[in-house]
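Work through the exercises below with the sequence and the model in view. Try each task before reading its solution.

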Amino acid sequence: MPASQRSIFELSRNELVTWCERHGEKAFRARQIRRWLFPNRATSFEDMLELPKSLREKLTAEFSIFTGEIQQHQVATDRTEKLLLQLPDGNTVECVLMRETDRRTVCISTQVGCAMGCVFCASGMLGLKRNLTRGEILEQILRVDRLLDEDERLTNIVVMGIGEPLQNLPQLLPVLDEVTSDSGLAMSPRRVTVSTVGLPAKIKELAKLNRPFNLAVSLHAATDQLRNELVPVNDNIGVEDILAAADEYFEVTGRRITYEYVLLGGVNDQPAHAHQLADLLADRNAHVNLIPMNDVETLPFHEPAEPETQSFVAILEARGTAATVRKRKGADIDAACGQLRLKQETDSQPEA
Ligand code: SF4
C-alpha cells in the first residue's frame, strides 16, 4: 500500500478521538496511538502491536507518521546532529539535536525560508516561501527524538531555526501544547524557548497567553541606526518598542528575557557597542547571549576576534548585565542556521 501523504501529526488529540469514533473505534484507542507516536517512538503503524490489525490497516491507509524525508544527516564530533528534511512539496527545512551533559536540545524551524532578511543569516537569503504546518513542525521534534538512544530523552526545545516563529504562531502553539502535554512528550514549558527578531504586537500576543515559555529576542545592535542595517525589518519597528513589548512579556510571565546578540567581527563587537547595549538593558532583568558569527561562505561577515569577544562580555558584566558566550556546537558540520538548506537550494538551482 503506498504511504499516505497526510501526516497523523496534523490531527490534534480531540481530532484523533473523533477519527477513531468515526471509524468505529473506542476513544481510548486514540490514547494508545498517541502513546506509540510520542513516548514509544513508533516509526510505523505496524509497530503499534496492542492495536487490532484492522485499525493498524486503517491508519496506514489514511496517514503517514512522517511525511518528510531525511535528505541529509550530519553528525559532528561533539555529537551534534543536523537533519535536512525534504517536505512533500520539495521544500527543505533543518532541525538540529544538541547534546550537553545534562541536556538534549532540539532546535526547530517554523517557516520555509524567512522574510526578515537579517543580513548575516543564510536562512534569510532566499526569502520566505511559506509557513510550516503543525505536522511539519512536530515532525522535526519527533524525528530528532528518534535519533536519541533508548534511555535518552529530549529536555529542551529552542524555536530558533529557520523562520520567524511569531509569524507562524497559529501552527507553532498547538505543537508546543502537544510536546508539553502529558499525552505528548510531557516536557516542561519552562524548557521551551521561542526566539524572535522582535515583533512587538506578536510578543504581546504571546504574553497574553501567559505560558511560561522563555522568550529570546534577537537584538544584534543596541541602536536603531546599526540595527536597521543588520536587521532590515527594524526600520518599521525600532528598538524601543521591542524592549517595551519584552518588558511586558516579563511582567506577565515572570520569565527573564534573553537578548541574543550575534557578534560580527568589526561590525557590532567593539567596546562602544557593548556600552550601548549595557545602557539599553540597565535596570532590566535580562540576560545577553553572545553568539560569535560562524563564517558562511556566501556572506561578508566574519567571526569576531577572541579578545574582542572577551572584552564585550567583561564590559556588560562590569555594568551589571549578565552575559554568556554561546558554546559553539557542531563546529565541523554546517551547523549555522540555514547553511545546509542554502547549500542544497543553491546546488539544485539551474546554472545561469
Ligand atoms: S536570523 Fe532568524 S529572523 Fe533573521 S533572517 Fe535568519 S531566520 Fe530570519
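Charged patches are made of residues with over 30% relative accessible area and no salt bridge, like charges being joined within 9 Å. A salt bridge is a side-chain nitrogen of Lys or Arg within 4 Å of a carboxyl oxygen of Asp or Glu. The model is predicted, so local features need pLDDT of at least 70 and side-chain atom pairs count only at pLDDT 80 or more, while totals for chains, interfaces and linings use all residues. Residues are numbered from 1 along each chain, and side-chain values use heavy atoms, with hydrogens and water left out.

**Exercise 1.** Name the residues of the negative surface patch, and place Asp-241.

Solution. Asp and Glu count as negative. The patch is formed by Asp-224, Asp-235, Glu-240 and Asp-241. Asp-241 is in helix α8, residues 239-253; helices are DSSP runs (H or I) of at least four residues, and strands (E) of at least two. Buried means under 20% relative accessible area, exposed over 50%, and partly exposed in between (1.4 Å probe, protein chains only). Asp-241 has 43% relative accessibility and so counts as partly exposed.

**Exercise 2.** Classify the ring pair of Phe-9 and Phe-66.

Solution. Rings of Phe, Tyr and Trp (its six-membered ring) pair if their centres lie within 6.5 Å; planes under 30 degrees apart are stacked, over 60 edge-to-face, and the rest tilted. This rule gives four aromatic pairs. For Phe-9 and Phe-66 the centres are 6.1 Å apart and the planes at 35 degrees, so the pair is tilted. Phe-9 lies in the segment before α1 (13-22) and Phe-66 in the loop between α3 (53-62) and β1 (69-75), so the pair ties together parts 57 residues apart in sequence. Phe-9 is buried at 2% relative accessibility, and Phe-66 is buried at 15%.

Definitions and conventions: Patch = residues over 30% accessible without salt bridge, like charges linked within 9 Å, V, L, I, M, F, W, Y side chains within 5 Å. Areas by Shrake-Rupley, 256 points an atom, 1.4 Å probe, with all protein chains shown as cover. Charge placed at Lys NZ, Arg CZ, Asp CG, Glu CD.
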